[in-house]
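Student: I'm new to this structure and would like a close look at a single part of it. Could you walk me through the salt bridges?

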Amino acid sequence: MTLAMAGGLSVAAQTAASASTSSAVRAAADTCSYPYVCIFKNGTRIGQFQDVTSGYQNLPSRPSGPNLTVQNTRNDDVAYVRLSSGSAICVAPKKAYTVNSGTLTGIRIDSRSTC
């Protein structure tokens, strides 16, 4: 979703927020080592997963956004993150996804190399 903002201050605030989000994603990647898929809330690791599974591993803590990042450090496996809405997000190898809203209910690492 893209929000239109008017005025120089809003644009500056949006740019600062983007830089802050990018910094948080980089910081998360620095603390999540291969071969894990990690979940971070406000920059703190709250979960890590390693095993390729045929089904979702439930997340009993049900973390929710904003300030929630899923970091996939694996070289050639995707990670699917299930939301409480029933939809799933695919996180490609060596990529991160920031959850702006919604609640995570499960995670599954798949041996596919692309989403």
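Tutor: Let's go through the salt bridges, then turn to how confident the model is.

This is a predicted model, where local features need pLDDT of at least 70 and side-chain atom pairs count only at pLDDT 80 or more, while totals for chains, interfaces and linings use all residues. Residues are numbered from 1 along each chain as its sequence is written, and side-chain values use heavy atoms, with hydrogens and water left out.

A salt bridge here is a side-chain nitrogen of Lys or Arg within 4 Å of a carboxyl oxygen of Asp or Glu. Searching the whole structure turns up three of them.

Start with R108 and D110: their closest N and O atoms sit 2.7 Å apart. D110 also meets R112 through their side chains, at 3.8 Å from N to O. Because these salt bridges share partners, R108, D110 and R112 join into one network. R108 is buried (under 20% relative accessible area; exposed is over 50%, partly exposed in between, with a 1.4 Å probe and protein chains only), at 15%. D110 counts as buried too, at 11%.

Elsewhere, R74 pairs with D77, at 2.7 Å from N to O. Both R74 and D77 are buried.

Now for confidence. pLDDT is the predictor's confidence in each residue, from 0 to 100. The protein chain has a mean pLDDT of 80, and 74% of its residues reach 70 or more. Over residues 1–21, though, pLDDT stays under 50. For that stretch the model has five contacts (heavy atoms within 4.5 Å) beyond four places in sequence. Where pLDDT is low, the predicted coordinates shouldn't be read in detail.
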